[in-house]
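Here are my notes on this one, jotted down as I went through it. Have the viewer open while you read.

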Amino acid sequence: MDRVFGDRVGRAATYRDLLATAGVERGLIGPREVPRLWDRHLLNCAYLGDVVDEGASVLDIGSGAGLPGIPLALARPDVQVRLVEPLERRYAFLREAVAELDLRDQVAVARGRAEDVRGEFSASVVTARAVAPLATLYGWALPLVVTGGHLVAIKGRSAPEEIAAAADVLRQLGVTSEPEIVQVGPDAESGTTVVRVARGHGPLRSLPSPGSATPKRRGPWSQRR
């Protein structure tokens with residue numbers, strides 16, 4: 001704990017207690033998760049610091065109970081974090097947690113979806129955990145990444161399959177870099193699997209809207225009678 005959180009380990013313990021009490025009471029954390037809050041949630045998220053540059057700005061979309069944004073902020077006092085969450089009860093919890101942990105100089109909270117804050121907020125690193133498959137997450141997150149920045153998403157064992165399934169979306173956006181899978185933390189067993197995607201320096205293209213594909217022409221044999 002001390003190696004990851006340093007002199008902020010006491011605040012990390014306070015955050016763990018908030019998740020175990022108010023987080024459970026408000027339905028943000030399942031009761032079964034309480035015994036493994038340290039390993040599965042706080043440390044799992046704090047390990048992201050291994051792939052975040054010094055002094056980076058971070059946008060955590062779909063932050064929920066503050067994961068991974070709050071543990072990352074606690075472990076990395078040098079980064080500025082903005083938590084973005086659309087649901088009122090989660091947004092309220094995040095504001096209370098940031099105040100309780102005395103992080104208001106480092107962590108801001110905004111209410112909205114990733115699509116809602118596009119054009120208003122951006123960052124050198126956009127993070128997400130358990131928000132959506134990569135095929136969906138790319139379209140939400142990459143427009144929020146500044147040129148030269150990265151999307152850093154916590155994923156599990158399905159990361160290679162998600163990357164393959166989302167390859168067409170990345171090409172449609174005009175991103176030419178290949179996603180990389182990075183293991184952060186002490187070892188593969190207790191560490192965190194991260195998918196990191198470089199935004200690049202070129203402009204992003206817009207994804208086609210659902211249902212916007214040009215319909216195929218019907219031949220005379222296919223007309224309704």
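Which residues does leucine 83 touch, not counting residues up to four places away in sequence? I start there and work outwards; keep in mind that this is a predicted model.

1. Leucine 83. Its partners beyond the four-place window are Asp60, Ser63, Gly69, Ile70, Leu94, Val98, Val107, Ala108, Val109 and Ala110. Leu83 also turns up in the largest nonpolar core, which has 46 residues: together with Phe5, Tyr15, Leu19, Ile70 and Phe93, Leu83 touches the most other members. A second core, of 28 residues, lies apart from that one, and Phe121, Ala128, Ala141 and Leu144 are among its residues.

2. Serine 63. This partner of Leu83 is worth a click. Serine 63 sits in the loop that runs between β1 (57-61) and α4 (69-75). Is serine 63 buried or exposed? With a relative accessible area of 2%, serine 63 is buried, since the cut-off for that is under 20%. Setting aside neighbours within four places in sequence, serine 63 has contacts with Leu83, Val84, Glu85 and Leu94.

3. The chain overall. There are 9 helices and 7 strands in the protein chain. Its C-alpha atoms fill a box of roughly 75 × 35 × 35 Å, taken along the principal axes. Of the 225 residues, 46% are buried. As for how the chain meets itself, take contacts between residues at least 6 apart in sequence: 68% of these join residues at least 24 apart.

4. α2 against α5. Two packed helices are described by the angle between their axes and the distance between the axes. For helix α2 (residues 9-25) and helix α5 (residues 88-100), the axes come within 11 Å and cross at roughly 150 degrees. That makes the pair roughly antiparallel, as the angle is over 145 degrees. The crossing of α2 and α5 is right-handed. On the α2 side the contact uses Thr14, Leu18, Leu19, Ala22 and Gly23, while α5 brings Phe93, Ala97 and Glu100. Sorted by class, the contact of α2 with α5 has 5 nonpolar, 2 polar and 1 charged residues.

5. α2 against α3. Now look at α2 with helix α3 (residues 37-46): here the axes come within 11 Å and cross at roughly 120 degrees. That makes α2 oblique to α3. The crossing of α2 and α3 is right-handed. From α2 come Val9, Ala12, Ala13, Tyr15, Arg16, Leu19 and Ala20, and from α3 come Leu37, Trp38 and Leu42. By class, the contact of α2 with α3 divides into 9 nonpolar, no polar and 1 charged residues. Leu19 deserves a label in your view: this residue is part of the contact with α5, part of the contact with α3, and one of the residues that touch the most other members of the 46-residue core.

6. Helix α7. Which residues of α7 (residues 134-141) are buried? Leu134, Leu137, Tyr138, Gly139 and Ala141 are. The buried residues of α7 pack against quite a list of elements: β1, β4 (123-129), β5 (145-155), α8 (159-165), α9 (167-173) and β7 (192-198). Ala141 is also a member of the 28-residue core.

7. Alanine 123. This residue is in strand β4. Alanine 123 counts as buried, at 2% relative accessibility. Beyond four places in sequence, alanine 123 is in contact with Ser57, Val58, Leu59, Leu144, Val145 and Val146. One of these, Leu144, belongs to the 28-residue core. From alanine 123 to glycine 62 is 15 Å, C-alpha to C-alpha, with their places 61 residues apart in sequence.

8. Two partly exposed residues to finish. Proline 77 is in the loop between α4 and β2 (80-85), and counts as partly exposed at 48% relative accessibility. Leaving out neighbours within four places in sequence, proline 77 is in contact with Arg8 and Gln106. The C-alpha atoms of proline 77 and phenylalanine 5 are 9.4 Å apart, although the two are 72 residues apart along the chain. Glutamine 183, in strand β6 (residues 180-184), is partly exposed too, with a relative accessible area of 45%. The C-alpha atoms of glutamine 183 and arginine 129 are separated by 15 Å, and the two residues are 54 apart along the chain.

Definitions and conventions
Residues numbered from 1 in each chain as written. Predicted model: local features only at pLDDT ≥ 70, side-chain atom pairs only at ≥ 80, totals over all residues. Heavy atoms only, no water. Axes fitted to C-alpha atoms, helices over the stretch in contact; angles between N-to-C directions. Helix = DSSP H or I, 4+ residues; strand = E, 2+ residues; numbered from the N terminus. Parallel < 35°, antiparallel > 145°, perpendicular 65-115°, else oblique. Left-handed = near helix turned anticlockwise from the far one by under 90°. Contact = heavy atoms within 4.5 Å. Nonpolar A, V, L, I, M, F, W, Y, C, P; charged D, E, K, R; others polar. Core = buried A, V, L, I, M, F, W, Y, C linked by side-chain atoms within 4.5 Å. Buried < 20%, exposed > 50% of the residue type's maximum accessible area, 1.4 Å probe, protein only.
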